[in-house]
Amino acid sequence: MNKFEEKTINTTSIYEGKVVDLRVAEVSLPNGKTAKRELIKHPGAVAVIPITKDNKIVLVEQFRKPLEKSLVEIPAGKVEIGEAPEVTARRELEEETGYTTNELSFVTSFYTSPGFADELMHIYITDELEKMDTQPESDEDEFVEVLELTLEEAKELVEQERIHDAKTNYAILYLHALGR
């Protein structure tokens with residue numbers, strides 16, 4: 001047993017949604033006391049670092065309601081039940097950017113907010129992009145603008161906090177470390 005482990009006494013489902021489920025767990029702490037934990041259950045997500053033939057990063061700008069502002073991000077989306085992350089990566093790349101690829105390389109996975117959520121984000125990279133002849137239909141409630149930026153231009157957006165999410169900041173740092 002892990003010396004920090006918290007044993008679940010009971011769990012109450014508060015909300016089951018399209019993207020997340022909210023639960024409250026009562027747990028027994030290592031010191032014998034009890035506490036409540038608010039938990040977000042998420043099926044997982046995938047993001048792609050797409051690089052064009054002229055070495056530009058394909059990003060999307062979209063409004064993020066929890067923040068009440070638009071952010072510029074790498075294309076990403078939720079893994080559907082039973083869907084392999086590589087399939088999600090290709091689907092999201094196509095839906096959000098109009099590019100496709102047959103070459104996806106796995107970069108890393110990380111938990112986005114382990115203090116309250118179990119969302120596992122998988123990151124892929126590709127520099128083998130092909131523009132699609134026809135734009136696939138995007139989600140009916142998703143509105144994005146595609147941007148193609150150099151790494152230096154993307155770094156400027158980080159400084160301006162227009163790129164301000166973990167996955168895209170990771171992508172920019174990763175490309176910087178690679179010397180792209």
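1. Which strand does Glu16 lie in? Glu16 belongs to strand E1, which covers residues 7–16. Keep in mind as you read on that this is a predicted model. With a relative accessible area of 61%, Glu16 is exposed. A pairing to try in your viewer is Glu16 with Leu129: the two are 113 residues apart in sequence, and their C-alpha atoms sit 37 Å from each other in space.

2. Now the overall picture. The protein chain is built from three helices and twelve strands. Its C-alpha atoms fill a box of roughly 60 × 35 × 30 Å along the principal axes. The chain has 180 residues, and 37% of them count as buried. As for how the chain meets itself, take the contacts between residues at least 6 apart in sequence: 55% of those join residues at least 24 apart.

3. On to the inside. In soluble globular proteins, nonpolar side chains tend to be buried together. Here the largest nonpolar core has 22 residues, and the ones with the most contacts inside it are Ile49, Ile57, Leu59, Ile163 and Leu175. Two or more residues each come from E4, E5, strand E10 (120–126), strand E12 (145–149), H2 and H3. Another core, of ten residues, lies apart from this one, and its members include Val46, Val48, Val58 and Tyr99.

4. Ile57 deserves a click of its own. Leaving out residues up to four places away in sequence, Ile57 touches Pro50, Ile51, Leu147, Glu148, Leu149, Thr150, Leu151, Ala154, Ile172 and Leu175. Leu175 is also among the residues with the most contacts inside the largest core.

5. Thr52 is a loop residue, found between E4 and E5. Is Thr52 buried or exposed? Thr52 counts as buried, because its relative accessibility is 7% and the cut-off for buried is under 20%. Its contacts, again without residues up to four places away in sequence, are Val58, Tyr99, Leu129 and Glu148. Val58 and Tyr99 are both members of the ten-residue core, while Glu148 is also touched by Ile57.

6. Next, the largest pocket, which holds about 1200 Å³ of space. It is lined by 33 residues, and those closest to its centre are Val19, Gln62, Arg64, Glu73 and Glu142. The elements giving two or more residues to the lining are strand E4 (45–50), strand E5 (57–64), strand E6 (69–73), strand E7 (76–78), helix H1 (85–97) and helix H3 (166–178). What does the lining of the largest pocket have by class? There are 15 charged residues, 13 nonpolar and five polar. E4, E5 and H3 turn up in this lining, and E4, E5 and H3 also give two or more residues to the largest core.

7. Then the aromatics, where the count comes to three pairs. One of them is Phe106 with Tyr124, an edge-to-face pair with 5.6 Å centre to centre and 75° between the planes. Phe106 is in strand E9 (residues 105–111) and Tyr124 in strand E10, so this pair ties together parts that are 18 residues apart in sequence. The two partners differ in exposure: Phe106 is partly exposed at a relative accessible area of 48%, whereas Tyr124 is buried at 4%.

8. Tyr170 and Tyr174 make a stacked pair, with 6.1 Å between the centres and 15° between the planes. Both are in helix H3, four residues apart, so about one helical turn separates them. Tyr170 is partly exposed, at a relative accessible area of 28%, and Tyr174 is partly exposed as well, at 24%. Together with Phe110, these two tyrosines form one aromatic cluster.

9. Last, two backbone oddities to look at. Glu68 is not a glycine, yet it has a positive phi of about 55°. Glu68 lies in the loop between E5 and E6 and is partly exposed, with a relative accessible area of 48%. Glu161 is not a glycine either, and its phi is also positive, at about 60°. Glu161 is found in the loop between helix H2 (151–159) and H3, and at 42% relative accessibility it counts as partly exposed.

Key: Residues are numbered from 1 along each chain as its sequence is written. This is a predicted model: local features need pLDDT of at least 70, side-chain atom pairs count only at pLDDT 80 or more; totals for chains, interfaces and linings use all residues. Side-chain values use heavy atoms; hydrogens and water are left out. On a 1 Å grid over the protein atoms alone, a cavity is a set of points where a 1.4 Å probe fits but cannot get out, and a pocket is an open set with protein on both sides within 12 Å along at least five of seven lines; lining residues have an atom within 4 Å of a point. Grid points are joined across faces, edges and corners, and a volume is the space filled by probe spheres set on the points. Ala, Val, Leu, Ile, Met, Phe, Trp, Tyr, Cys and Pro count as nonpolar, Asp, Glu, Lys and Arg as charged, and the others, Gly among them, as polar. Buried means under 20% relative accessible area, exposed over 50%, partly exposed in between (1.4 Å probe, protein chains only). A nonpolar core is a set of buried Ala, Val, Leu, Ile, Met, Phe, Trp, Tyr and Cys residues joined through side-chain atoms within 4.5 Å. Contact means heavy atoms within 4.5 Å. Rings of Phe, Tyr and Trp (its six-membered ring) pair if their centres lie within 6.5 Å; planes under 30 degrees apart count as stacked, over 60 as edge-to-face and the rest as tilted.
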